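Biologist: Could you take me through one part of this model up close? I'd like to see how a single spot fits into what's around it.

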Amino acid sequence: METKMDKEQLYQLDTLMKAIPLYGKKVGLRNIERIITELNTIIPLVEYLNSVHVIHVTGTNGKGSVCKMLSEIYTEQGYCTGLFTSPHIDVITERIQINNNNVSGELFYDGYQAVLKICERLKTEDIEPTFFEWVFSIALYCFYMKKAKVLVIEVGIGGRLDTTNILPKKELSVITSVGLDHQDILGNTLTDIAIEKIGILPKNGRLVLGKIDKEAEKVIRQIAVKKEALVYNIQPNAYEIMDFSDKSIDFSVHNKYYNYERLHLNTSAHYQINNALIALLCIHVLQDVLLVDESSVKSGLDRFFWPGRFERIQEGIYIDGAHNVLGVTTLLESIALLSESKSYDLLLGMKQHKDYKAVIRLLLQSGWFKNIYLAELSGGIGVSKQELYDEVSQYSDSVYYVEDLQQFLQERLYKQSALRLLATGSLFLTSDIRKILQEEEAND
């Protein structure tokens with residue numbers, strides 16, 4: 001029987017994994033192919049992967065939320081469901097879930113030990129897998145050990161050459177959105193990026209598309225025809241909002257695929273309706289192999305929670321991981337619907353290699369923000385405060401450095417400012433904030 005690791009031990013797992021290089025000698029899918037081959041000598045992994053139902057989800061934004069919604073719905077229906085997403089907000093075991101619960105630290109560590117032995121052997125072949133390849137390999141180990149029958153898998157970056165594209169049998173491929181992000185890897189145009197994302201679609205497969213730019217959709221459909229695949233589009237405006245507050249959204253959906261009265265989401269992020277439409281279409285398309293009833297759909301969406309997505313973490317404090325133009329655009333739409341004329345203060349931190357200038361321009365030209373506070377991300381991975389200041393100061397005179405994030409948040413909570421605070425720019429910033437506030441609560 002598995003025992004439960006405490007939070008400190010889980011953070012030690014994080015530290016253990018951080019020793020693995022984020023980048024390395026990655027040649028296509030060679031590394032993950034070799035790991036799976038070796039894992040298959042320990043557990044019948046290949047046979048297992050050919051026996052499960054895999055839903056493979058890519059997209060510039062929204063893919064994690066869609067994956068979580070699907071996992072909640074299939075779990076409610078009674079299927080043993082494995083969920084793989086990234087990055088994690090609090091602890092690394094969040095990336096691997098069984099029936100929407102993080103796998104235990106002990107099971108994760110068992111998988112780590114199995115992969116560690118394999119990777120040590122692979123060094124003799126000049127193969128040194130990356131952090132993401134390790135985590136995905138551990139996920140497959142955990143899914144097998146827990147006998148998950150439905151696997152909902154979020155792509156890391158792109159799709160065609162992503163580690164997760166090694167899966168031999170897919171029930172459904174999903175592209176939630178196509179926007180400019182990771183251009184250094186995926187290409188500089190929407191067409192280039194779309195080509196990488198459609199790479200997850202197998203021949204004769206089935207594909208669900210979210211709200212996609214016409215330029216990107218054109219190339220996606222051309223490739224889908226060549227692969228003799230069936231393509232299903234959401235109808236993005238075929239819903240009606242019944243009730244909307246800073247805590248939840250109730251809406252109904254009526255389109256050519258399905259009809260639902262009064263679905264409930266525990267979020268004020270309006271963009272999650274679009275993600276719900278994608279998840280609902282996936283459920284509809286797969287009814288021939290994974291039967292789901294209406295009550296499971298409703299209860300699954302009602303249980304849905306995805307941290308760091310326009311999340312009200314404290315009274316008057318919201319966090320959102322938007323880090324690219326497409327993400328910020330949808331975030332601003334949610335703010336406009338929720339806030340009417342009320343202004344926000346902005347806490348901004350961004351990861352290196354992101355188009356921070358475009359994000360800042362979009363945020364500050366929106367007119368929603370009065371005071372701008374600049375923070376650096378923990379671990380030295382963020383754009384420097386000076387670089388952020390140089391850009392932000394072109395749009396605002398009310399710009400301030402945050403020297404100590406914990407102290408800043410404490411003062412914010414104590415003073416109870418009349419203005420809401422929105423922290424955005426990176427999921428890593430939302431992670432830093434959540435950890436600080438959780439520690440504060442634990443010490444009270």
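Modeller: Let's start with Ile98, whose bridge partner is Asn101 in strand 4. Keep in mind that this is a predicted model. Ile98 belongs to strand 3, residues 96–98, and two bridges tie strand 3 to strand 4, with the two running antiparallel. If pairing is new to you, strands of a sheet pair through backbone hydrogen bonds, and they can do that either parallel or antiparallel.

Now zoom out a little. The sheet is an open one with eight strands, in the order 4-3-2-5-1-6-7-8, and its pairing is mixed. Strand 4 (101–102) is an edge strand, and so is strand 8 (230–233): each of them pairs on one side only. Then there are the helices. Helix 4, residues 63–77, lies across strand 3 as well as strand 1 (53–58), strand 2 (81–84) and strand 5 (150–154), and it runs at about 170 degrees to strand 5. Helix 10 (residues 271–285) packs on the sheet too, where it touches strand 6, strand 7 and strand 8.

Back to Asn101, since there's a pocket to look at here. Asn101 is among the residues nearest the centre of the second largest pocket, along with Thr93, Glu94, Gln97 and Asn102. That pocket has a volume of about 520 Å³, and 29 residues line it. Strand 4 and helix 4 each give two or more residues to the lining, as do helix 5 (105–122) and helix 16 (427–443). As for the mix, the lining has nine nonpolar, 10 polar and 10 charged residues.

Key
Residues numbered from 1 in each chain as written. Predicted model: local features only at pLDDT ≥ 70, side-chain atom pairs only at ≥ 80, totals over all residues. Heavy atoms only, no water. Pairing = 2+ DSSP bridges. Helix = DSSP H or I, 4+ residues; strand = E, 2+ residues; numbered from the N terminus. Contact = heavy atoms within 4.5 Å. Axes fitted to C-alpha atoms, helices over the stretch in contact; angles between N-to-C directions. 1 Å grid on protein atoms, 1.4 Å probe; cavity = no way out; pocket = protein on both sides within 12 Å on 5 of 7 lines; lining within 4 Å. Points joined across faces, edges and corners; volume = space filled by probe spheres on them. Nonpolar A, V, L, I, M, F, W, Y, C, P; charged D, E, K, R; others polar.
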